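Please walk me through this structure step by step, in connected paragraphs, for someone who has not seen it before.

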Amino acid sequence: MSASDTIRIHLPDDRNYEIRIGTGLMDQAHSWQGLPKAGAAVIVTNVTVAPLYAQRLREQLSAIYPRVDVVTLPDGEQHKDWASLNRICDHLLGEALDRKTVLFALGGGVIGDMTGFAAAIYMRGVSFVQVPTTLLAQVDSSVGGKTAINHPLGKNMIGAFYQPVRVIADLDTLDSLPDRELSAGLAEVIKYGPIADAGFLTWIEDNLDALRARDKRALAHAVRRSCEIKAQVVGQDEREQGLRAILNFGHTIGHAIEAGLGYGAWLHGEAVGCGMVLAADLSHRLGLMPSQFVDRLRTVIERAGLPVQPPRLGGERYLQLMRVDKKADAGAIRFVLIEELGRAGLHAVPDARIVETLAAYGAA
Ligand code: NAD
Ligand code: MG
């Protein structure tokens, strides 16, 4: 059985592309037809995802491309670095693959970001296709055109804006995803409700159990609506001049939690989930939202299987961590706050208010 849905992304300079969302897409010839013609395709993946899906994708692509290679990288955020990027470039150059070569990013956000960056710089740019296999990658990282690797001095500090030629989000790949990774992806799904679509938040509340049970109809709607909202926001602000910042709801405190505990202790989505609860509390404290909103958001985040109790790092440490975050200005720390359900904006928040919120959650 297979069913799919297509979102068309419109960008200047003929860079339009489609996001296809559905079940059975990986094994369907139609998913791979109509891509740029080339002598070779290169699947970039990692040691966890390769045994699950690389052979299946390779079979499909072999019907279209005379040559299909697989580059298998180590798994993990710590490998989103120059060494992995070099391994991709070494393969492309070592095999003398030309500028028509099409790259396929098969994996989560780490593989998507690295493959996209490799595609942006190899011979000044080759085509690439996103084949996201985590919920986070399907609802967030594969849309929007940000690509990057990490540097020891900062996450995602070396990168480029570069768009894929297509995104194939096969919901069946989520069946093999660990529960914890699924919940982390749900944090970014939940995020889109309060910042852009009150009705979507209600829909998530009504369908959360189905989502956690990986019901394909529920996942299809969640991925579709998330991609639409992200594409709409990014479409108005491709290079992050302003509006795109609302996508960082929950991320200011989230990044502080990730950095404060040491990267990897909490998954990004877990930190963002908790960060959204605290940002909701700040929205209430600044008189923008009623207290019921804070309770509502905390409940849905908890039901998604995410932590809602921030680690006790201490108020001063939190402030220090948030000041070094790139979203902070010289003066007061700026937060994405909810102004009404479905609308968010950036607000400078006095330190005292932040510490009040942290103290209310036992984290100061
Ligand atoms: P990830 O890529 O590390 O994947 C999480 C884990 O799941 C990994 O161990 C991976 O090997 C495994 N995995 C992937 N697909 C699987 C499957 N179908 N079955 C079983 N296991 C599977 O993490 P992620 O959460 O997907 O992405 C996080 C990355 O995305 C970060 O590096 C972040 O910076 C980046 N990101 C980028 C953007 C953007 O706009 N470009 C947005 C958000 C996040
Ligand atoms: Mg995020």
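**From the metal site to the cores and charged pairs**

In this predicted model, Glu 188 is a buried residue, its relative accessible area being 0%. That residue is a good place to begin, since the magnesium ion (ligand 2) is coordinated by the OE of Glu 188 together with the NE2 atoms of His 251 and His 268, at 2.1 to 2.2 Å. Along the chain, the donors of this magnesium ion follow the spacing E-x62-H-x16-H. Glu 188 belongs to helix α6 (residues 179–196) and His 268 to helix α10 (residues 268–285), so this pair, 80 residues apart, links distant parts of the chain. Unlike Glu 188, which is buried at 0%, His 268 is partly exposed, with a relative accessible area of 23%.

Turning to the interior, the largest nonpolar core has 76 residues, and the members that touch the most others are Ile 19, Leu 135, Ile 190, Leu 297, Ile 301, Met 322 and Phe 335. Because domain 1 (5–176) and domain 2 (191–360) both give residues to this core, the core lies between them. A second core, separate from that one, holds 21 residues, among them Met 26, Leu 35, Tyr 53 and Leu 61. To look around Leu 135, one can leave aside residues up to four places away in sequence; its contacts then include Leu 174, Leu 177, Leu 182 and Gly 185, as well as Leu 186, Val 189, Leu 219 and Val 223.

The cysteines can be treated briefly, for the structure holds zero disulfides. Cys 89 counts as buried at 14% relative accessibility, and Cys 274 counts as buried at 0%.

Charged side chains form another part of the picture, with 25 salt bridges in the structure. In one of these, the side chains of Lys 216 and Asp 172 meet at 3.6 Å, N to O. This pair links distant parts of the chain, since Lys 216 is in helix α8 (residues 216–235) while Asp 172 is in the loop between β9 and α6, 44 residues apart. Lys 216 counts as partly exposed at 22% relative accessibility, and Asp 172 is partly exposed as well, at 26%. Beyond residues up to four places away in sequence, Asp 172 touches Gly 22, Thr 23, Gly 24 and Tyr 53 in addition to Lys 216.

Two further pairs lie in helices. Arg 298 forms a salt bridge with Asp 295, the closest N and O atoms being 3.2 Å apart, and both residues lie in helix α11 (residues 291–303), three residues apart, which is about one turn of the helix. The side chains of Asp 351 and Arg 323 also meet in a salt bridge, at 2.5 Å, N to O. Because Asp 351 lies in helix α13 (residues 351–360) and Arg 323 in helix α12 (residues 315–324), this pair ties together parts that are 28 residues apart in sequence. Asp 351 is partly exposed at 28%, and Arg 323 counts as partly exposed at 37%.

Finally, salt bridges also join into a network, which links Asp 5, Asp 197, Arg 224, Arg 225 and Glu 228. Within that network, Asp 197 is placed in the loop between α6 and α7 (198–212), and at 18% relative accessibility it counts as buried. Apart from residues up to four places away in sequence, Asp 197 touches Tyr 192, Arg 225, Ile 229 and Gly 342.

Note on methods:
Residues numbered from 1 in each chain as written. Chains lettered and ligands numbered in written order. Predicted model: local features only at pLDDT ≥ 70, side-chain atom pairs only at ≥ 80, totals over all residues. Heavy atoms only, no water. Donors = N, O, S within 2.8 Å, 3.2 Å for Na, K, Ca; no water. Helix = DSSP H or I, 4+ residues; strand = E, 2+ residues; numbered from the N terminus. Buried < 20%, exposed > 50% of the residue type's maximum accessible area, 1.4 Å probe, protein only. Disulfide = S-S within 2.5 Å. Contact = heavy atoms within 4.5 Å. Core = buried A, V, L, I, M, F, W, Y, C linked by side-chain atoms within 4.5 Å. Domains from an automatic or database assignment. Salt bridge = Lys/Arg side-chain N within 4 Å of Asp/Glu carboxyl O.
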